[in-house]
Amino acid sequence: MNNLISWSDFEKVDIRIGTIVRVEDFERAKKPAWILHVDLGAEIGVKKSSAQIKHHYKKEDLLNTQVMCVVNFPPKQIANIKSEVLVTGFPDKDGNIILARPDKAVPNGAKLF
């Protein structure tokens, strides 16, 4: 593995846990996506994210689910919304995203170490 990073490089990526509190249809997205509203705790608040996860997740499956989010990217304009955080996941064998989530509940805003 040639792409080794230092601990300080890792510390630059701010990954926090948040709870999905609202899910909207994202009809103007080029690929099927949801608009997620993620509560990242008192320090960060509720942020929006465009997530191309419709293959595996229905709206009702996502509400009150905790997800891991990168919170220190600049906002990105995607069609008619500003995506404020990156909800993380892994591709399945077909390239469809499976969300990265904790296996037990943790406080919103908790930082990944």
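Two strands are taken to pair if DSSP finds at least two bridges between them. With that in hand, the strands of this predicted model make a good place to begin. In strand E2, the bridge partner of Ile20 is Val38, and the two strands concerned, E1 and E2, run antiparallel to each other over 6 bridges. E2 also pairs with E3, again in the antiparallel sense and over 6 bridges. Along this second pairing, His37 faces Lys48 of E3, while Asp39 has Val46 in E3 as its bridge partner. The link between E2 and E3 is a hairpin with 6 residues between the strands, and Gly41 in the turn shows a positive phi of about 90°. E2, which pairs with E1 and with E3, is mostly covered, with 5 of its 6 residues buried.

The interior comes next. The largest nonpolar core holds 16 residues, and the members that touch the most others are Leu36, Val38, Ile53, Leu62 and Cys69. Strands E1 (15-25), E2 (34-39) and E4 (66-70) are the elements that give two or more residues to this core. E2 supplies the largest share, 3 residues. A second, separate core has 5 residues, among them Phe26, Ala33, Ile35 and Ile81. In soluble globular proteins, nonpolar side chains tend to be buried together.

One member of the largest core, Leu62, deserves a closer look. Leu62 is placed in helix H2, which spans residues 59-62. Its relative accessibility is 0%, so Leu62 counts as buried, the limit being under 20%. Setting aside neighbours within four places in sequence, Leu62 is in contact with Ile20, Val23, Trp34, Leu36, Ile53, Tyr57 and Leu99. Among these partners of Leu62 is Ile20, the residue whose bridge partner in E2 is Val38. Leu36 and Ile53, also contacted by Leu62, are listed with Leu62 among the core members that touch the most others. The C-alpha atom of Leu62 is separated by 8.4 Å from that of Arg22, although the two residues are 40 apart along the chain.

Attention now turns to the open spaces of the model. The largest pocket encloses about 500 Å³ of space. It is lined by 25 residues, of which Ser50, Lys76, Ile78, Ser83 and Leu86 are the closest to its centre. Elements giving two or more residues to this lining are strands E3 (46-51), E5 (76-78), E7 (86-87) and E9 (97-99). The largest share, 3 residues, comes from E3, the strand that forms the hairpin with E2. Sorted by class, the lining of the largest pocket contains 14 nonpolar, 6 polar and 5 charged residues.

The second largest pocket has a volume of about 170 Å³. Its lining is made up of Lys31, Pro32, Gln52, Ile53, Lys54, His55, His56, Gly95, Asn96 and Ile97. By class, these lining residues comprise 3 nonpolar, 5 polar and 2 charged. Ile53 links this pocket to the interior described above: Ile53 lines the second largest pocket and also belongs to the largest nonpolar core, where Leu62 is in contact with it.

Notes
Residues are numbered from 1 along each chain as its sequence is written. This is a predicted model: local features need pLDDT of at least 70, side-chain atom pairs count only at pLDDT 80 or more; totals for chains, interfaces and linings use all residues. Side-chain values use heavy atoms; hydrogens and water are left out. On a 1 Å grid over the protein atoms alone, a cavity is a set of points where a 1.4 Å probe fits but cannot get out, and a pocket is an open set with protein on both sides within 12 Å along at least five of seven lines; lining residues have an atom within 4 Å of a point. Grid points are joined across faces, edges and corners, and a volume is the space filled by probe spheres set on the points. Helices (H or I, at least four residues) and strands (E, at least two) are DSSP runs, numbered from the N terminus. Ala, Val, Leu, Ile, Met, Phe, Trp, Tyr, Cys and Pro count as nonpolar, Asp, Glu, Lys and Arg as charged, and the others, Gly among them, as polar. A nonpolar core is a set of buried Ala, Val, Leu, Ile, Met, Phe, Trp, Tyr and Cys residues joined through side-chain atoms within 4.5 Å. Buried means under 20% relative accessible area, exposed over 50%, partly exposed in between (1.4 Å probe, protein chains only). Contact means heavy atoms within 4.5 Å.
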